[in-house]
Amino acid sequence: MSGGEVAGILVAVFWAILVSFLAVALARLAQTLRATTRLVVDVTDRAVPLLADASAAVRSAQTQIDRVDAIASDVQEVTSNASALSTTVASTFGGPLVKVAAFGYGVRRALGGRKEDVPAKAPPRTVIVGRTVPAPRWGKRKKD
């Protein structure tokens, strides 16, 4: 066996080892690609119903928002009507009621004057450091 034949056998052996490593790597890559394909299919199968449910939920929320908007506009209209009614009632009955109340107060003052047999109220008293002192009478001057 010559040196060229030994070198050819060594190259053939290394070439066979390299090809087998590449074959194993390609087999594992194919297995990984199959697993990735299955994963993508599973995600797609689960995502489509989930997106359909989310779409239904968004439509339902929009319907509820439309209802709330209608209720809010009705409440605003009722509030403005109540405000207008309150203003009308105040302007219609407010002035005459104030006049009747003032008239009643004047009548009570005129008829409810001080009676002779009822004593006047005692003046208020002020407490200063343990003593009771009558409150000053403002507006009345002492006679000298």
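The points below concern the fold, confidence and surface of a predicted model.

1. Secondary structure. The protein contains 1 helix and 2 strands. Read from the N terminus, the order of these elements is α-β-β. Helix α1 covers residues 3-111, and strand β2 covers residues 131-134.

2. Confidence. The average pLDDT of the protein is 84, and 78% of the residues reach at least 70. Helix α1 has the highest confidence, with a mean of 91. Strand β2 has the lowest, with a mean of 61, and any reading of this strand should be weighed against that value.

3. Burial and exposed area. The protein has 144 residues, of which 1% count as buried. The exposed surface amounts to about 13,500 Å², and 67% of it is supplied by carbon and sulfur atoms.

4. Nonpolar patch. Met 1, Val 6, Ile 9, Leu 10, Val 13, Phe 14, Ile 17 and Phe 21 together form a nonpolar surface patch of about 840 Å².

5. Ile 9. One of the patch residues is Ile 9, which lies in helix α1. Is Ile 9 buried, exposed or partly exposed? Ile 9 is partly exposed, because its relative accessible area is 45%, and the class in between runs from 20% to 50%.

Conventions: Residues are numbered from 1 along each chain as its sequence is written. This is a predicted model: local features need pLDDT of at least 70, side-chain atom pairs count only at pLDDT 80 or more; totals for chains, interfaces and linings use all residues. Side-chain values use heavy atoms; hydrogens and water are left out. Helices (H or I, at least four residues) and strands (E, at least two) are DSSP runs, numbered from the N terminus. Buried means under 20% relative accessible area, exposed over 50%, partly exposed in between (1.4 Å probe, protein chains only). Accessible areas come from the Shrake-Rupley method with a 1.4 Å probe; for residues, only the protein chains shown count as cover. pLDDT is the predictor's confidence in each residue, from 0 to 100. Patches are made of residues with over 30% relative accessible area and no salt bridge: like charges are joined within 9 Å, nonpolar side chains (Val, Leu, Ile, Met, Phe, Trp, Tyr) within 5 Å. A salt bridge is a side-chain nitrogen of Lys or Arg within 4 Å of a carboxyl oxygen of Asp or Glu.
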